[in-house]
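I set out to look up strand pairing in this model and to record each sheet in turn. The entries follow the order in which I consulted the structure.

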Amino acid sequence: MSRLSYVPPEKKRVGTKVSEEDPEKLYWGRYKAVGTVPVDGPVSSIVMSPKYSSCPEILVTANLPHVIDLQSYSIAKSFTKFRETALGASYRSDGKMIACGGTYPAVKIFQATTLGLLRTFRGHKAPVRATGFLSDNVTVVSAAEDGVVKTWDMATGNNITTTQAHSDHVRQLLTSPKDNTFWATASYDQTIKLWDLRQKSNVMTMKHASPVESIIFFPGGNIIASAGGTSVKIWDLLNGGSQQRTLSGNHLKTITSLGISSDSSRLFSGGLDEHIKVYNVSSWTVAHTFSYPSPILSLGFSPDDKTLVVGGSDGKLHIQQQTDETAVTPAPQPSELPTKRYWKPAPSRPTAQRNYQPPDHITKYFQMLQHPKALDAALEVYSEQHEPLAVMSTLQELLRRGRLVEAVGSRDDDSLAPIVMFLCENIDTPAFTNTLVAITHVILDIYTDHLQGSPMIEHLLEKLFSKVKTEIRLEDTMMELLGSLSLIVSSGTQSNPISTSASSS
């Protein structure tokens with residue numbers, strides 16, 4: 001059978017209604033409202049405690065900063081060393097210190113347990129909108145509404161650098177989760193900038209094309225998402241800050257906040273339209289929508305992926321958790337699952353030979369919701385029969401279900417190698433390219449930090465990189481040839497009227 005007989009299935013439209021049996025809807029349906037905590041003003045920011053696993057607390061910024069206990073759903077501690085409105089509170093990575101800005105142009109450093117004031121950094125000339133600790137735990141970064149960004153030495157209290165970073169208000173500052181010298185800023189001047197403590201100027205600039213309200217690093221530190229206007233944009237920092245995706249048309253009003261799950265498989269956006277959208281990162285479609293009684297200003301998703309906290313303009317924190325009752329609800333048994341509902345292989349283009357149908361044992365794994373085994377079975381079929389459609393239809397089904405990260409994640413070298421090998425051998429097939437490029441991005445985002453010490457995977461990725469470079473060179477050559485042919489055809493077309501006119505005279 002021709003390898004080109006494969007046609008990717010029609011993509012599911014964003015926001016299409018799903019049935020009650022959809023696994024995605026069943027999963028997010030487990031998040032139930034368990035508490036509402038009133039605070040002293042609109043909730044402008046929410047930060048999860050670095051010690052969340054042992055002490056489930058969050059740091060929220062309203063008129064004052066507060067520490068909220070997510071077990072009792074109440075205010076555990078409140079800061080009193082503020083005469084002005086607080087802004088942009090943040091934890092140090094070890095959870096022992098808290099930095100906070102405010103409408104008064106200074107940065108205050110507190111001891112997290114006692115809330116004792118340790119230091120005050122003065123030098124800003126405008127309200128300090130955002131703060132952060134670099135991962136070296138000794139450098140503090142602050143950003144003000146006049147676009148100035150400063151770095152400070154915790155030990156001495158000295159100002160290290162001062163930079164006019166933006167031409168308008170800085171709305172958010174985030175330090176890199178992986179590098180102790182990098183941070184990013186987002187501004188109403190419609191840009192996101194990446195900074196390096198070792199450089200005097202920014203090292204990367206990304207243009208969102210709307211005033212930027214919020215940014216978030218993916219856990220690997222190589223991808224950043226930005227929210228501005230009614231769109232979310234995805235940027236690849238390893239590729240020079242190139243824009244990879246735009247998610248639009250899902251919010252009716254300005255998006256104010258972003259969140260990310262611990263495994264990078266789900267992205268959250270909250271907006272003034274009183275909705276939280278949950279995006280499936282594999283397919284970049286909306287997997288679920290949460291609704292709230294007031295415009296959303298901030299959100300946080302716990303490291304264990306079990307608690308969603310939303311801050312509203314009404315001065316209330318809305319807490320949703322996976323309740324015990326729903327968390328243990330058994331999934332439908334395989335005999336109860338309609339086969340056509342749970343397994344829709346990608347249709348192939350009609351050929352003189354046959355339309356491709358997946359083997360029964362792959363279908364069975366999907367019916368049993370054993371997604372990693374379904375992919376392994378498809379790869380075995382490919383290895384034995386060299387049938388790429390077995391893998392392609394399986395990958396498309398995983399994308400449709402939002403289970404790609406589950407299927408390709410948590411693998412050792414031996415089980416990851418067949419996937420990368422398949423990418424190497426088939427990424428240049430035109431009908432497969434778009435899907436396999438998306439799969440490659442997901443795999444790189446999951447495994448980038450684990451490649452050292454894996455010579456087999458590194459070798460396969462080098463082979464894949466070489467093949468992609470070859471394809472790009474061929475495409476460039478074809479475009480040059482197309483340009484030459486267009487010029488020749490154009491010249492011939494322009495000469496015909498002259499020849500005709502001469503012959504008629």
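I first looked up the bridge partner of I260, and found it to be L267, in strand 23. The model is a predicted one, and I read each entry below on that basis.

I then asked how strand 22 and strand 23 run relative to each other, and over how many bridges they pair. Strand 23 covers residues 266-271, and its pairing with strand 22 is antiparallel, with 5 bridges.

Next I traced the sheet to which these strands belong. I noted 4 strands in the order 22-23-24-25, forming an open sheet whose pairing is antiparallel. I identified its edge strands as strand 22, at 255-260, and strand 25, at 285-291; each of them pairs on one side only. For the turn between neighbouring strands of this sheet, I recorded an average of 20°, with direction ignored.

I turned to a second sheet. Here I found the strand order 10-11-12-13, again an open sheet of 4 strands with antiparallel pairing. Which strands lie at its edges? I entered strand 10 (128-133) and strand 13 (159-164), each of which pairs on one side only. The twist from one strand to the next averages 15° in this sheet.

Last, I examined how strand 13 is joined to strand 12, which spans residues 148-153. I recorded 5 bridges between these two strands, which run antiparallel. Which residue of strand 13 is the bridge partner of T151? I entered T161 as that partner.

Technical notes:
Residues numbered from 1 in each chain as written. Predicted model: local features only at pLDDT ≥ 70, side-chain atom pairs only at ≥ 80, totals over all residues. Heavy atoms only, no water. Pairing = 2+ DSSP bridges. Axes fitted to C-alpha atoms, helices over the stretch in contact; angles between N-to-C directions.
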